[in-house]
Every structure is written in structure tokens, then in C-alpha cells.
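Visitor: I am new here. Could you show me around this structure?

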Amino acid sequence: MHKKYVALLFTAVSLVTGSSLSAQQKSTITLASQENAPTINKHIYGHFAEHLGRCIYDGFYVGEKSTVPNTNGVRNDIIAALKELGIPNLRWPGGCFADTYHWKDGIGPKDERPEMVNQWWGGVTEDNSFGTHDFLDLCETLGTEPYLAANVGSGTVQEFTEWIQYVNHTGKSPMSDLRKKNHREKAWGVNIWGVGNEAWGCGGNMTPEHYANLYRQYATFMSDWTNSGKMFRIASGANVADYHWTEVLMRDIPKNLIEGVALHSYSFVTWEKKGSSTKFDEQQYFTTMQTALKMEELVTKHTEIMDKYDPAKKIALIVDEWGGWYDVEEGTNPGFLYQQNTMRDAMIAGTTLNIFNNHSDRVRMANLAQTVNVLQAVILTKGDKMILTPTYHVMHLYKVHQDAKLIPIKVASPDYKFGDKTLPAISASASAKDGKTHISLVNIHSTDKITTEINLESLKLKNFTAKIISSGKLQDHNTFENPNAITEKEFKDFKFKNGTLSVTLPPFSVVVLEGK
Ligand code: AHR
């Protein structure tokens, strides 16, 4: 029998029985029609920086007088790492913090700024030394687009619209005059605006009907003061599977007032018992991956609702908070949400980004929570030291998908079985740009190698190279003592014959292949 049919038969058998009889399983990936395939919006690879724990203060921002090398108070090593990552947008200042933030407290001479208490995160007193200028100048340095999440919960329409005038107005106005007085002549031109955050919870405990009305009011007055037509307004979206929230927003908000609807969903063992970020067993790993892979169902169902009201897909689904959430590291402030980042997080990142890529007709922006020292961070710092996490490396490998044309695929995957529960072991997505094709593959199986066969005949590719992120144990992570335990390595365990690529993926690994 032809090898390919043996492989298919094996796949079919393992799909039916759900068995993991062998430590060497098989999966197949086929290309679907590329007609009408969307471009994967680079903004899917966005990040999030909240005034929370050590994300801003003692994270990004160490202050101009710090002995840690910095540019206007922001660490140079973080700037370099994020430039290399090519982050397309950065969301700030929250999160829950956003609906307590009064932007005028964070402008003008630093020694004259009032203090504030961060009521959501640890009750710490902040001196407002990192404010609007600091954030928007940082975005300019990084070459990234700012995403400002503005205060609706405890703010006013006037405060909101004045912020827009302050950062965007190119002409003469009270707020552009104030900006110039604060030594910034040129408007920054901020397009992406969040109208509050988690309005169903920390943003005001509102009903969807009440928020939709409030949104209409705020959005009516949100002018960029230049009529650029680039204003991108994002409504505070649903918590996980709250489909009613999306339904009401899509039903009640006029289409000329909205460009995006948000969605928040985190991965964890259980919300009540999150467990340690590094000391977890296989059951905790499996459960975490169940919540991570649930993203497929969430974006599918929220999209179905949006399709009903917006069949032309003009309004984007914006997953502006996602990632793994565990107990804080021992001995750290419980309100600071500082956690380590292991191969489990690499699995969450790889599978979630594949889901977003594959749904990029509707999912056009997302923000991993959060960039530095909080939740599923890409960067951790300690004193003058900085490390890159496995999640950083996944996002670094996946950056090739930014603004590339999606190649729709179908994956036939063996199961990863735990007890009586199963998950698909293989996740994948593919795209093409500048004459290169990229395929990102994740094997979440905790013990089994999986050989994946991909028929690429129609793409006429000749040469392949690949990189991998893998490690001996799921709990492995980078530390300040051993910062390069997990990095991107060259990967060679693949063959290309008669148009079919055969890749053998080690357990819990992420591989990105490049073909040309
Ligand atoms: O990312 C931490 C918090 O999670 C955010 O502040 C909030 O929006 C969400 O509940």
C-alpha cells in the first residue's frame, strides 16, 4: 500500500479509537481553497501593558535616574527585545486600571503630578511619573501603534474627548495648546481607542443594555479632531462565553459608531484553584489546555453572532486580553500577578495564535496579557536583569504571519487523551508573504511524538528550513540564573518528497517551517 494511505489509515484508526497506543502517532494536514482567504492582520500579535504590579513601574519604567540603562526612563533591554519581536500595537493603561485612570494626572512636570492609589492592583500608591507622553513616546520608539483604553466607568465624556484632542489635534485648541505647553508640538495621531474595559465587571458592573447605550453616547463625541477617518473604536466586550453580551452590542450599537468588539478569555486550571505556574502535574496541564483550546469555540460562536448583524464583517472581533493565569510566585504581592512562564505557556501561545490566524477574517486584533512581569509575560525582570520567556520565543517565531495571506488548512489530528477526556494533539496555521510560505505547528501531547504529513504540491515549494521550541519537561522555564534554557533552535526532523512534507514533532513542541 502507498505510504500516504497507510498514514491516513493510521490517522483514521487513531481518530476513531482515540488511542495513543504508540509513542509515534500521525496526523495529516491538507490545504483548503485559498479563494477569498483573508490577510492575517498584524495586530493579532499585539501586547498589553497595564499599571499592574511590576508591569509599568519597576518593569518597563525604571525612571530617568535609574542605574539600569534607559531611554527617558524606559529600560533599553526591554526596548531592544520588543523591537526585535516586532510588536504591532500596545494597549495601555489597563485593564481594570483604565476605568480608574484620569489622564490629566499624568501630564506636565513629573514632580508636580498628583499621587494616586491603584485600587485594583495591590492598593499601591503611584506617582503618575509614567503618563501619556511617556507611553506615546515609547510607542514611537518601538515603532508600534498605541491602543489607548479610556476611562468610561469613573470618567466623563468630556475627559475622554479631551484626551483625544490632546493627543490628536493638529490645529489650535485648548488641549493641543496644553500638549504644546508640555513640550510636544506634533500630535501623536492615536487611532485605536477602547471605550472602557470589562464594563460587565471592574469597568462598572453594567448590563449589556446599559453599556451599549453609554457606548453610543461616548462614541458620538469621539472625534479625532482631524477627520482622518482612521478612528478605530472598540467596545468593551464579552467575558468568555457571554454570548448575550455580544448579541446586545451588535444589535444596539449603530454600525457607524463602532469598528471593533472586544472579547476577554484567560486559560487556567480552574478559576478558583489556579495552581503554581511551574509546579503543576499532567492533569493541571491538560485542564489548562482545555481552557486554551476553548478559544476556537469562543471565536466561532462570537463570530456567528457578529455575522448575523454584520455579514460584511466590517466590525472586528478584538481579543484584547488572553493568556495563562496562575497563582503568583511565592513571596510576591498577590495583587501583582507575577508568574513564571513554562513550556505550558508556549503551548497556550502557539495554539491560540494558530486559532486567531485561522479566524483572521473576523479576529483582526488581539493583546496578550501582559508584556512585562504580569500573567503570561514575554519579558521578566529582576533588578538590572531581564529574561525572555518561552512565550516570547513563540511570538518571535510566529511574527512571520503578520500581514501575510492566510493559507486555510484542514488538520486531521490524533487525540491527546487524559482520563476519559481528549483534545486534538496538533494545531496548525499557514500563511504566505513575499514569496515565502510559513507553517506553524504545535504538538501539545505530553509524551508522544507526532509525525505530520502536509501535502504542499500545489504551492510548488522547493526548499525548507525550520525552527523549534521544545524542552525535556513541560515545567521547564528560563530563570535569571539560566536565561537561555528554552530558546529557538534549528530543527531538521522533516523530509520533503513528492510534494509532501513529513514533519516529526516532539511532545509539547512548537515548530515554524519556512518554504520557498
Ligand atoms: O489582566 C489582568 C486583568 O484581567 C485586567 O485588568 C482585567 O481587564 C482582566 O480582568
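Guide: Let us look at confidence, then the ligand, then a sheet. This is a predicted model, so local features need pLDDT of at least 70 and side-chain atom pairs count only at pLDDT 80 or more, while totals for chains, interfaces and linings use all residues. Residues are numbered from 1 along each chain as its sequence is written, and side-chain values use heavy atoms, with hydrogens and water left out.

Visitor: What is the mean pLDDT of the protein?
Guide: pLDDT is the predictor's confidence in each residue, from 0 to 100. Here the mean is 94, and 96% of the residues reach 70 or more. Over residues 1-22, however, pLDDT stays under 50. Where pLDDT is low, the predicted coordinates should not be read in detail.

Visitor: What makes the oxygen of the ligand and the side chain of Glu198 a polar contact?
Guide: A polar contact is a pair of N or O atoms within 3.5 Å. An oxygen atom of the ligand is 2.7 Å from an N or O atom in the Glu198 side chain, so the pair meets that definition. For Asn197 the distance is 3.0 Å.

Visitor: Why are strand 16 and strand 24 said to stand at the edges?
Guide: Six strands form an open sheet in the order 16-20-21-27-23-24, with antiparallel pairing. Strands (E, at least two residues) are DSSP runs, numbered from the N terminus. Strand 16 and strand 24 each have a single partner strand, so one side of each is left without a neighbour in the sheet.

Visitor: How do you know that strand 23 and strand 27 pair?
Guide: Two strands pair if DSSP finds at least two bridges between them. Six bridges join strand 23 to strand 27, so they count as paired.

Technical notes: Contact = heavy atoms within 4.5 Å. Helix = DSSP H or I, 4+ residues; strand = E, 2+ residues; numbered from the N terminus. Polar contact = N/O pair within 3.5 Å; in protein donor to acceptor, adjacent residues only side chain to side chain.
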